[in-house]
Amino acid sequence: MAKVLTSIVLLSSSAQAFLAWPITSRNDINSHSSLKMSEIEVVSQPDKDFLEKKGVFNWGTWGCGVSKFPWTYDQSESCYLLAGKVTVTPDDKSLKPAEFGKEDFVTFPAGMSCTWDVSETVEKHFMFF
């Protein structure tokens with residue numbers, strides 16, 4: 001028997017009717033079109049003002065060498081690449097892969113499972129939210 005992780009409740013615009021169903025896995029979320037996962041957002045080489053307003057240079061840092069690995073985002077993450085080149089392919093094939101590299105700002109949605117394909121060593125600032 002599947003364990004219920006949570007329930008999702010959708011209210012109509014009049015808030016008089018609702019629909020609820022149990023969510024037993026992340027795959028359940030992807031099966032409901034009204035709950036479609038967001039795409040990976042890439043801002044190509046934003047200006048310094050954009051980065052300073054977000055506080056990017058005070059965030060943590062992380063890096064890895066050329067590699068390929070699976071990853072799941074329990075929380076949303078924004079990151080700014082200081083070096084490297086990456087292609088991230090969501091497991092949900094209705095979402096587009098994202099290619100990004102040095103000086104790009106990227107945001108990943110919470111709940112997304114994907115594969116990171118690092119073709120050039122990565123160093124980045126990152127923040128989960």
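Where do K48 and E52 lie, and how many residues apart are they? In this predicted model, both sit in helix α2, which covers residues 48-54, and they are four residues apart, about one turn of the helix. The two side chains form a salt bridge, with 3.8 Å between the closest N and O atoms. K48 is exposed at 58% relative accessible area, while E52 comes out as partly exposed at 46%.

Helix α2 also holds K53 and D49, again four residues apart, or about one turn of the helix. This pair makes a salt bridge too, its closest N and O atoms being 3.3 Å apart. Here K53 is the exposed partner, with a relative accessible area of 66%, and D49 is partly exposed at 42%.

The count of salt bridges comes to three. One of them joins the side chains of E77 and K124, at 2.8 Å from N to O. E77 belongs to strand β6 (residues 77-90) and K124 to strand β9 (residues 113-128), so this pair ties together parts that are 47 residues apart in sequence. Both E77 and K124 are buried.

As for cysteines, the model has zero disulfides. C64 counts as buried, at 15% relative accessibility, and C114 is buried as well, with a relative accessible area of 1%.

A word on confidence: the mean pLDDT of the protein chain is 81, and 72% of its residues reach 70 or more. Across residues 1-34, though, the pLDDT is below 50, and this stretch has 44 contacts in the model beyond near neighbours in sequence.

Terms used: Residues numbered from 1 in each chain as written. Predicted model: local features only at pLDDT ≥ 70, side-chain atom pairs only at ≥ 80, totals over all residues. Heavy atoms only, no water. pLDDT = per-residue confidence, 0-100. Contact = heavy atoms within 4.5 Å. Disulfide = S-S within 2.5 Å. Buried < 20%, exposed > 50% of the residue type's maximum accessible area, 1.4 Å probe, protein only. Salt bridge = Lys/Arg side-chain N within 4 Å of Asp/Glu carboxyl O. Helix = DSSP H or I, 4+ residues; strand = E, 2+ residues; numbered from the N terminus.
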